[in-house]
Amino acid sequence: MKVVKSNSISAFGGMNFVFEHLNKLNISDILSDSLPKLNPNSRYSWKDLFYSFLSIYFCGGDCIEDIHTNLRPHFENNPYIKLPSPDTLLKRLSELATENQICKTKRGSVEHEFNSNEELCKLNMAILSKLGVLNSQELTLDYDNTIIFNEKSDSKMTYKRDYGYQPGVCTINEEHILYIENRNGNSDAKSFQIDTLQRMFGALEKVKTSKVSHFRADAASYQYEVIELLNEKSEFFYVGCRNSYVEKYFTQVQDWTTAKDEFGELQVGSILITPFSQQAREYKATPKPYRLLVKRRLRNDGQMNIITQDAYDYRAILTNNFDMTDLEVANFYAKRGNMERQFDILKNDFGWQCLPFSTLNKNSVFLYFSAICRNLYNNVINYFSTKCKSIKPTDRIKKFIFRFIILPAKWIKQSRQMKLKVYNPAFVYT
């Protein structure tokens, strides 16, 4: 076997089409307008830095060092990008970090550490606006927290009995990341959530003045201050409830609707309740009535519930939506489970499992940059699925890499023009 080597052939030729698409979206201008001005003598622009960061995950990498160890030979003489060293990229990202906020609850002595980054939040929302995500008349927001296990210098013990961070994440329309606020591991989802949501809604109102159509969250949001905020900022909210808070209402539900889901048969019903009466009096406000949707399912072991005196498992949802049927509310809230899929994608496809920095505030910058890559991937996969029959808009990034990005190609100069020569006769791009 005779082997002829050519160092100028790139294995990731498909990235050139991605860069071209991003240029058409004017991502470079958005980066320049939203991020701090670089020194005029700087060798690398924000476009070079961001495209290099994005290339790591669009080429199958999982850490910043892949720029040097795996990508550099494939992006030499590329007209779209100048690849920096990993140290240069990390240095620029660390310069975007902001100071942490330290808070304590009224009755506790534990310090809660948070980090919000207004600059990167503004950048992310500017890109979402460019992608048309915020132009939708009906917006559905989902809020949840996830644990990123790590052994960084400042990470603290989580309730899972291991060290890590516990960022709060808000998604929009189930597939784009809208807002991120990094939290240390000892800060549970309930603590200071009202402050997080106020910052999130404040940032969103700067780019979209109309109310959010729907907001969904788990039982950590079942707080008087949070419910009051959601009632003001969204048309409809759907918040899970802890049974210990609302189980006294379960026996009051009389009308049950039977339905089936992936786990079997269940029953749903609803009643009108007025929660948080004591908290409302403390704030000298009038308690508001809300709808309590209750779901119940027969227990497999037949064990009786001491409160309800029956053998059912109960779940409850508090909402101000009185228009939907019980079953419609239950099915709509169930879609909040898509948050777990988003966390899986961020951790396994876009590097959240491999945090590059040693501190909370710098890793917040990384979380935002990788989330922006995730948002752009949604646009990229939807666009190229219309150009290549082998790609579907639901494909995860690994399949996209195998079917599109991995493409032997070479930049050549011909007739005073740079042309991309593709070494795959089966490649079809329309």
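Is arginine 299 buried, partly exposed or exposed, and what is its relative accessibility? I looked this up at the start: arginine 299 comes out at 26% relative accessibility and therefore counts as partly exposed, since that class lies between 20% and 50%. I note here that the model is predicted.

**Entry 1: the partner of arginine 299**

I then searched for the acid that arginine 299 meets. Aspartate 313 forms a salt bridge with arginine 299, and their closest N and O atoms are 2.9 Å apart. I placed both residues along the chain: arginine 299 sits in the loop between β13 and β14, aspartate 313 belongs to strand β14 (residues 312-319), and the two are 14 residues apart. For aspartate 313 I recorded a relative accessible area of 34%, so this residue is partly exposed.

**Entry 2: other salt bridges**

I looked up the total and found 15 salt bridges in the structure. I followed up two further pairs and one network.

In the pair of lysine 288 and glutamate 228, the closest N and O atoms are 3.0 Å apart. This bridge links distant parts of the chain, with lysine 288 in the loop between α10 (277-282) and β13 (290-298) and glutamate 228 in helix α8 (residues 224-233), 60 residues apart. I checked accessibility for each: lysine 288 is partly exposed at 32%, and glutamate 228 is partly exposed at 22%.

Arginine 396 bridges to aspartate 344, with 3.1 Å between the closest N and O atoms. Because arginine 396 lies in the loop between α13 (360-384) and α14 (397-405) while aspartate 344 lies in helix α12 (residues 338-349), the pair ties together parts that are 52 residues apart in sequence. I entered relative accessible areas of 29% for arginine 396 and 32% for aspartate 344; arginine 396 is partly exposed, and aspartate 344 is partly exposed.

I also found a network of salt bridges that links Asp142, Glu174 and Arg216.

**Entry 3: helices α3 and α13**

How are α3 and α13 oriented to each other? I looked up their geometry: helix α3 (residues 46-58) packs against α13 at an angle of about 70 degrees, and the axes are 10 Å apart. Angles of 65 to 115 degrees count as roughly perpendicular, so α3 and α13 are roughly perpendicular to each other. I recorded the crossing of α3 and α13 as right-handed.

I next listed the residues that meet. From α3 these are Phe50, Phe53, Leu54, Tyr57 and Phe58; from α13 they are Phe366, Phe369, Ser370, Ile372, Cys373, Leu376, Tyr377 and Val380. Sorted by class, the contact of α3 with α13 has 12 nonpolar residues, one polar residue and no charged residues.

**Entry 4: positive phi values**

I checked the backbone for positive phi, because most residues other than glycine have a negative phi. I noted two residues.

Asparagine 26 has a phi near 60 degrees, a positive value in a residue that is not glycine. I located asparagine 26 in the loop between α1 (15-24) and α2 (27-34). With a relative accessible area of 35%, asparagine 26 is partly exposed.

Arginine 161, likewise not a glycine, has a positive phi of about 65 degrees. I located arginine 161 in the loop between β5 (156-157) and β6 (163-165). The relative accessible area of arginine 161 is 65%, and since exposed means over 50%, this residue is exposed.

Notes:
Residues are numbered from 1 along each chain as its sequence is written. This is a predicted model: local features need pLDDT of at least 70, side-chain atom pairs count only at pLDDT 80 or more; totals for chains, interfaces and linings use all residues. Side-chain values use heavy atoms; hydrogens and water are left out. A salt bridge is a side-chain nitrogen of Lys or Arg within 4 Å of a carboxyl oxygen of Asp or Glu. Helices (H or I, at least four residues) and strands (E, at least two) are DSSP runs, numbered from the N terminus. Buried means under 20% relative accessible area, exposed over 50%, partly exposed in between (1.4 Å probe, protein chains only). Axes are lines fitted to C-alpha atoms, for helices over the stretch in contact, and angles run from 0 to 180 degrees between N-to-C directions. Angles under 35 degrees count as roughly parallel, over 145 as roughly antiparallel, 65 to 115 as roughly perpendicular and the rest as oblique. A crossing is left-handed if the near helix is turned anticlockwise from the far one by less than a right angle, and right-handed if clockwise. Contact means heavy atoms within 4.5 Å. Ala, Val, Leu, Ile, Met, Phe, Trp, Tyr, Cys and Pro count as nonpolar, Asp, Glu, Lys and Arg as charged, and the others, Gly among them, as polar.
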